[in-house]
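Me: I would like to learn how to read a two-chain model step by step, starting from the overall make-up and ending with single residues. Could you take me through one?

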Amino acid sequence: MGHAGRLDVTAVMSPDTTQHQAPAKRRGKQIGLAFIAPFGLLFILVYIVPIVYAGYLSLFQEKLIGGNTFSGLANYTKLFQDAQFWHGVSRVFWFTLVQVPIMLLLAMALALALDSRRLHGAKFMRVSIFLPYAVPAVVSTLMWGFMLGVKYGLFGSLNNTLGTDLNPFAPGTTLISIGMMVTWAFTGFNMLIFYAVLKAVPRELYEAAALDGANEFQVVRRIKLPALRSSLVIAIIFSIIGTFQIFSEPQILPSMVANSGITTDYTPNLYAYNLAFAGSQQGYAAALALVMAAITIAVAYAVQIRGLRNAFED
Amino acid sequence: MRSRTSTRAASGEAHVVTPGASIRDSRNRRRLYSVDNPKKSVTLTVMTGLSALYCLLPLVWLVINATKSQADFVSSFGLAPGHKFALWDNIVEVFRYQNGIFTRWLLNTVLYVVVGAAVSTFLAALGGYALAKLHFSGKRVLLFVILGSIAVPGIALAIPQFLLFAHLGLTNTPWAVLIPSFINPFGLYLMWVFTAEAVPTDLLDAAKVDGAGEFRTFVQIALPMLAPASVTVLLFSFVSIWNNYFLPLIMLKDPNWYPLTIGLNQWNKLGSTAGNGALIQNLVITAALLTIIPLIVAFLSLQRYWQSGLSLGAVKG
């Protein structure tokens, strides 16, 4: 990049630059913007513009007569009265409330077990438990769908042998099976994050605790758990964001198992997808996507706004 | 808990614990000698092992069933081998089925992953470096917006992205999958934290005093020091693009542009169409195995790098 080009950037990007600033500092100013510009411009194209455009589209409705017409906030008022949408929201809400604590407690217990240095084959365990993270949701759903399915899978064999009629994908149990898949996929990732945090605790602390006669449980409670606190907050936030947008599993499962109880509005995202692509109600789907994003962010922030703020202050 | 001990812990104990010592005393002393290398615990190993089993079982199931013919898959027990070892036949058939479209999907995926991960990592490094080491106005606002965007659910964003890209005529082209993958806010955050930590400002200043331009300083001085973070961001971008399902699902209609995940599900749907559907579960399972092997190899072989990168992100986050 030539020098003239840099000067142009200053002229355009920071018109308020005062004359008496040192040349080096001024150059720093323009260059910083040039470095962040590719990310910034694409960020605007990929994040900001679509959201604004979706906001605009959400003000229109597809009518049988008259085509796409401006309808103000009609999509939003319709959405707030849409029982299908709220059923989906409450389903993911309950799912999150049960699955996230189970997954994170398991991940923390595993991280503490690894960090205790009391395991045989700790490295093998660590890698095995993490591996599912590398498996796409599509493959995970196919594997679990076949494996737990009564048609070809282990439960079919089990039912044949024992004469039972267990079905992990009956309407009442499908959500539990999905919870098993999600837990399978993400426990290892969270475990590694917690483990990394625990490894950063200075070993001298443990030696001092041992000298003071602390037992293992006291060390866990007084040193290790407090150390995990801030990373736990972030893990909770990301897990909530993840479970609120659950999509692949309920979208793929119906083609594998009959009568799973999965409807087109099973989760809000599945509903939005079906509205936009099967029902071609794009304005309504746009409104739904925006409201869902707002709900997710609100819940994530309500859980703990401090997590992100700490990172910001850093 | 104490039925087995590692040799070092056992010998340490033999010296320290005397028959007359109180329980509390012996516990103290053993800890004193073994804080860094305590006794191995069978109970803890078994409990963790159960979790490892839960994580490995589906993968084992996948490997076993990829070796079965369709007839064996339908008839034999899920965790037992079939009558015939059909892995090679299955692999050949996967690459032949539907005029070899699997190869096309594989190449598409490689294209999306290589270009997407490389560009997103470079942009993240460039931006992270700017945030950590360079001054410019509006930085705090920018940080706030980008960190806030990490909390925006990807799928809630994908539908607006689809609507915009459809408006721009970009849907059903590789760009529709590539462009959104170029931006990785979490990668930027990681690069920012890592640059602040690992790249000494003095060194950058020295390079500039020696006459290196800002960009050259970045490429020749900072970038090599950012290698562990770059590998981490690269690998996690790689995984998220390779595994991406929703975005290509809505953006692409032409099977010739499908990545593996979408193609795989299309085959799965073929196989499950009631009545006259093709019975190709053996191909779906073998294709699924082929889909995950590159990722697992990448993770295992690059462990050293991404674990250190992840640690840093975790500790700072």
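Reply: What follows goes from the chains to their contact, then to the core, and finally to helices and individual residues. Please keep in mind throughout that this is a predicted model.

Me: How many helices and strands does each chain have?

Reply: A count of secondary-structure elements is a sensible place to begin. Chain A has 14 helices and 2 strands, while chain B has 16 helices and 0 strands. Burial can be read alongside this: of the 314 residues in chain A, 46% are buried, and of the 317 residues of chain B, 43% count as buried.

Me: What share of the contacts in each chain joins residues far apart in sequence, at least 24 positions?

Reply: Here one sets aside the short-range contacts and asks how the remainder is divided. In chain A, 65% of the contacts between residues at least 6 apart in sequence join residues at least 24 apart. In chain B, residues 24 or more positions apart account for 71% of the contacts with a separation of 6 or more.

Me: Which domains are assigned in chain B, and how many residues of each are in contact with the other?

Reply: The domain assignment of chain B gives domain 1 as 7–67 and domain 2 as 87–316. Between them, 5 residues of domain 1 are in contact with 6 residues of domain 2 in chain B. On the domain 1 side of chain B, the touching residues comprise 3 nonpolar, 2 polar and no charged residues.

Me: How many residues does each chain give to the contact between the chains?

Reply: An interface can be read by its participants, then by the element that supplies them, then by residue class. Chain A contributes 92 residues and chain B contributes 90 residues. On the chain A side, helix α2 (residues 23–57) provides the largest share, with 20 residues. By class, that side of chain A holds 66 nonpolar, 18 polar and 8 charged residues.

Me: Where should I look for the largest nonpolar core, and which residues have the most contacts inside it?

Reply: The largest nonpolar core has 173 residues, and those with the most contacts inside it are A:L288, A:A289 and B:A288, so named residues from both chains appear in it by the definition of a core as buried nonpolar residues joined through C-beta atoms. Helix α8 (residues 174–199) of chain A gives the most to this core, with 16 residues. Around A:L288, once neighbours within four places in sequence are left aside, the contacts are A:L79, A:F85, A:P268, A:Y271, A:A272 and A:L275.

Me: Is A:G88 buried or exposed, and which residues does A:G88 touch?

Reply: A:G88 lies in helix α4 (residues 83–115) of chain A. It counts as buried because it has 25 C-beta neighbours inside 10 Å. Apart from residues up to four places away in sequence, A:G88 touches A:D265, A:Y266, A:T267, A:P268 and A:Y271. The C-alpha atoms of A:G88 and A:F244 are separated by 9.8 Å, although these residues are 156 residues apart along the chain.

Me: What does B:V239 touch?

Reply: B:V239, in helix α12 (residues 227–242) of chain B, is buried because it has 20 C-beta neighbours inside 10 Å. Not counting residues up to four places away in sequence, B:V239 touches A:A134 and B:L295, the former in chain A and the latter in chain B.

Me: How do I use the span of a helix, and where is α5(B) kinked?

Reply: The idea is to set the end-to-end distance against the length expected for a straight helix. Helix α9 (residues 185–198) of chain B has 14 residues and reaches 20 Å, close to the 20 Å expected; 10 of its 14 residues are buried, so α9(B) is largely enclosed by the rest of the structure. Helix α5 (residues 87–133) of chain B, by contrast, spans only 53 Å, where a straight helix of 47 residues would span 69 Å. In α5(B) there is a kink of about 115°, centred on B:Q98.

Me: What is the phi of B:Q98, and what is that of B:N99?

Reply: Most residues other than glycine have a negative phi. B:Q98 has a positive phi near 50°, and B:N99 has a positive phi of about 60° although it is not a glycine. B:Q98 is partly exposed, with 15 other C-beta atoms within 10 Å, whereas B:N99 is exposed, with 8.

Methods
Residues numbered from 1 in each chain as written. Chains lettered and ligands numbered in written order. Predicted model: local features only at pLDDT ≥ 70, side-chain atom pairs only at ≥ 80, totals over all residues. Core = buried A, V, L, I, M, F, W, Y, C linked by C-beta atoms within 7 Å. Buried ≥ 20, exposed ≤ 12 C-beta atoms within 10 Å, placed from the backbone. Helix = DSSP H or I, 4+ residues; strand = E, 2+ residues; numbered from the N terminus. Contact = placed C-beta atoms within 7 Å. Nonpolar A, V, L, I, M, F, W, Y, C, P; charged D, E, K, R; others polar. Expected span 1.5 Å × (residues − 1). Bend = angle between axes of the 7 residues up to and from the residue. Domains from an automatic or database assignment.
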